[in-house]
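Student: I'd love a close look at one part of this model, taken slowly. Could you pick a good starting point and then follow its contacts outward?

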Amino acid sequence: MLVALDVDGTVVDHDLGLSDRVRDAVRAVAAAGHHVVIATGRSLTSTRPVLEALGLDTGYVVCSNGAVTARLDASLPGGSELVDVVTFDPADALQLLHRELPGAAFAVEVADGGVLVAGAFPEGELDGALRAVDFAQLAGQRATRVVVRSPEHTTADFVELVGRVGLHGVNYAVGWTAWLDLAPLGVTKASALEPVRARLGVPPSATLAVGDGRNDVEMLRWAARGVAMGQGPAEVREAADEVTAPVEEDGLADVLEGLLVRAAS
């Protein structure tokens, strides 16, 4: 079985805490021979500590909301190799959002994993090779992901904004706080997971996905069994086949432990 797992709000809580129970459940599922694939909005650099904590060093990982797919292999330099990278020109979307949110901070993740940052992000919120630039220097970059952060706005403000102005040529997902992710048009966690499934030879009926965010909706619909975390917003829970307990109550462990019990019976 292919088991696709979101990170923030699913594997780890919003304080980045990983419970022993969740860690042990993920490791047990991998040890049982299932293909555990982390599928996250994080960059590959930011995902590495999670992979290490979970003991995942083989198989595949999907990062940057589907724009970056890597194969894990401990024998390779850095422990992985890129197998699929999708980039886009975010210039039009950046200009539109900068006009609407002149005080926002912008980060552009490029194909080599570097991140160009215009504005202030809280320490530790972005990982990788960060380089501070003026907003004008973001133009002309081929991006795998763009992050827009505006602390003075709410999630509802962001949802209203993108619905009002329209963002053409990109995919977008509004985060838990005033955080907006932009990705190449047509690229989602689901679009990256499908070729991974094919490479692994896993039938579509043997796919499970667990997530809590708006960027997980396509993934939950893609999986034969999509499970939303209990704290997820209504549109995420509605996209899933079932809902588990919130991350604070180890909802992911409930799902994975149940998977192991069913496989053993």
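Tutor: What follows starts at one helix and then moves on to the charged pairs, the strands and a few backbone details.

Happy to, and please keep in mind that this is a predicted model. Let's begin with helix 3, whose buried residues are Ala 93, Leu 94, Leu 96 and Leu 97. These four lie on the same side of helix 3, because they cover an arc of only 165 degrees around its axis. Turn to the other side of helix 3 and you find Asp 92 and Arg 99, both exposed. What does the buried side pack against? The partners of these buried residues are strand 6 (105–110), strand 9, helix 4, strand 10 (170–174) and strand 11 (179–184).

Two of those partners, helix 4 and strand 9, come back when we look at charged side chains. Side chains of opposite charge can pair when their charged atoms come close. The model has 17 salt bridges in total. One of them brings together Glu 100 and Arg 164, with N and O 3.4 Å apart. Glu 100 belongs to helix 3 (residues 91–100) and Arg 164 to helix 4 (residues 155–165), so this salt bridge ties together parts that are 64 residues apart in sequence. Both ends are partly exposed: Glu 100 has a relative accessibility of 32%, and Arg 164 has one of 49%.

Strand 9 supplies a partner for another salt bridge, this time between Arg 149 and Glu 125, whose closest N and O atoms are 2.4 Å apart. Arg 149 sits in strand 9 (residues 143–149), while Glu 125 is in the loop between strand 7 (115–118) and strand 8 (130–132), so to speak a link between distant parts of the chain, 24 residues apart. Here the two ends differ in burial, since under 20% counts as buried. Arg 149 falls on the buried side of that cut-off at 14%, whereas Glu 125 is partly exposed at 29%.

A third pair is worth comparing with these. Lys 189 and Asp 216 meet in a salt bridge with an N to O distance of 2.5 Å. Their positions are again distant along the chain: Lys 189 is in helix 5 (residues 189–200), and Asp 216 is in the loop between strand 12 (207–211) and helix 6 (217–222), 27 residues apart. Both residues are buried, with relative accessibility of 1% for Lys 189 and 0% for Asp 216. Asp 6 joins them too, as salt bridges with shared partners connect Asp 6, Lys 189 and Asp 216 into one network.

Now let's move to an earlier stretch of the chain. Helix 1 (residues 20–31) has 12 residues and reaches 16 Å from its first C-alpha to its last, close to the 16 Å expected at 1.5 Å a residue. Its buried residues are Val 22, Ala 25, Val 26 and Val 29. They share one side of helix 1, because their arc around the axis is only 95 degrees. After helix 1 comes Gly 33, with a positive phi near 100 degrees.

Further along, strand 2, helix 2 (residues 44–54) and strand 3 form a right-handed β-α-β unit. Strand 2 (residues 35–39) and strand 3 run parallel and are joined by two bridges, and Ile 38 stands opposite Val 61 in strand 3. On to strand 4: strand 3 pairs with strand 4 in the antiparallel sense over six bridges, with Gly 59 opposite Leu 72 in strand 4.

The hairpin of strand 3 and strand 4 has four residues between the strands, and one of them, Ser 64, takes a positive phi near 55 degrees. Asn 65, in the loop between strand 3 (58–63) and strand 4 (68–73), likewise has a positive phi near 55 degrees, in a residue other than glycine. Asn 65 is buried, at 6% relative accessible area. A further non-glycine residue with positive phi is Asp 250, near 60 degrees. Asp 250 is placed in the loop between strand 14 (242–243) and helix 8 (251–264), and is buried at 16% relative accessibility.

Conventions
Residues are numbered from 1 along each chain as its sequence is written. This is a predicted model: local features need pLDDT of at least 70, side-chain atom pairs count only at pLDDT 80 or more; totals for chains, interfaces and linings use all residues. Side-chain values use heavy atoms; hydrogens and water are left out. Buried means under 20% relative accessible area, exposed over 50%, partly exposed in between (1.4 Å probe, protein chains only). A salt bridge is a side-chain nitrogen of Lys or Arg within 4 Å of a carboxyl oxygen of Asp or Glu. The arc is that of the directions from the helix axis to the C-beta atoms. Contact means heavy atoms within 4.5 Å. Two strands pair if DSSP finds at least two bridges between them. A crossover is right-handed if, with the strands pointing away from the viewer, the path from the first strand over the helix to the second runs clockwise. The expected span of a helix is 1.5 Å times one less than its number of residues.
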